[in-house]
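Open the model in your viewer and keep the sequence panel beside it. The stops below say what to select and what is there.

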Amino acid sequence: YCLSFVMPGCFIHLAEKEKFAPEEERVFIQEDPPGTFLGLLTDETYWCHVQQDPEQEERDKEATRKRFAGGVATGIGDRGSEREGCS
């Protein structure tokens, strides 16, 4: 799975639903062993749900905090003051 290259240590699940409500129990397709999905049918749509490894998620958050600690560079997302004028 290519997802594991961009999210090392992630857990990949399949479900018959795209989204779950916050209070709803998440029901995924049975796996045995993990990563081997049982009972898949042809002509059915399944949705991939990716769960990031908790330790990797913390490392990613810390790296993002460090990357943006100095704020946004001038000119990137900052258009400065603009005035209307005639062309």
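Helices here are DSSP runs of H or I with at least four residues, numbered from the N terminus. By that naming, Val-6 sits in helix α1. Note before going further that this is a predicted model.

**Whole chain**

Select the protein chain and show it as a cartoon. Two helices and two strands should appear, in the order α-β-β-α from the N terminus on. Now colour by pLDDT. The chain has a mean of 83, and 80% of its residues reach 70 or more. Among the elements, α1 has the lowest confidence, with a mean of 81, while β1 has the highest, at 92. Where pLDDT is low, the predicted coordinates should not be read in detail.

Switch to a surface view. About 7,800 Å² of the protein chain is exposed, and carbon and sulfur atoms supply 52% of that area. Of the 87 residues, 13% are buried. For contacts between residues at least 6 apart in sequence, 55% join residues at least 24 apart.

**Stop 1: Val-6 and the nonpolar patch**

Keep the surface and select Val-6. Is Val-6 buried or exposed? Its relative accessibility is 66%, so Val-6 counts as exposed; the cut-off for that is over 50%. Add Leu-3, Phe-5 and Val-50 to the selection: together with Val-6 they form a nonpolar patch on the surface, with about 400 Å² of accessible area. Helix α1 gives the most to this patch, with three residues.

**Stop 2: Pro-8**

Move along the chain to Pro-8, in the loop between α1 (3-6) and β1 (11-15). With a relative accessible area of 42%, Pro-8 is partly exposed. Which residues does Pro-8 touch, not counting those up to four places away in sequence? Select Asp-53 and Gln-56 to see them. Then draw a C-alpha to C-alpha distance from Pro-8 to Glu-57: the two are 49 residues apart in sequence and 9.8 Å apart in space.

**Stop 3: His-49**

Finish at His-49, in strand β2 (residues 47-51). Why does His-49 count as buried? Its relative accessibility is 17%, and buried means under 20%. Show its side chain, which reaches the backbone oxygen of Lys-17 at 3.0 Å. Leaving out residues up to four places away in sequence, His-49 touches Phe-11, Ile-12, His-13, Ala-15, Lys-17, Glu-18, Phe-20 and Phe-28. Show these residues as sticks to view the surroundings of His-49.

Technical notes
Residues are numbered from 1 along each chain as its sequence is written. Side-chain values use heavy atoms; hydrogens and water are left out. Buried means under 20% relative accessible area, exposed over 50%, partly exposed in between (1.4 Å probe, protein chains only). A polar contact is a pair of N or O atoms within 3.5 Å; within protein, one must be able to donate a hydrogen and the other to accept it, and residues adjacent in sequence count only if both atoms are side-chain atoms. Contact means heavy atoms within 4.5 Å. Accessible areas come from the Shrake-Rupley method with a 1.4 Å probe; for residues, only the protein chains shown count as cover. pLDDT is the predictor's confidence in each residue, from 0 to 100. Patches are made of residues with over 30% relative accessible area and no salt bridge: like charges are joined within 9 Å, nonpolar side chains (Val, Leu, Ile, Met, Phe, Trp, Tyr) within 5 Å. A salt bridge is a side-chain nitrogen of Lys or Arg within 4 Å of a carboxyl oxygen of Asp or Glu.
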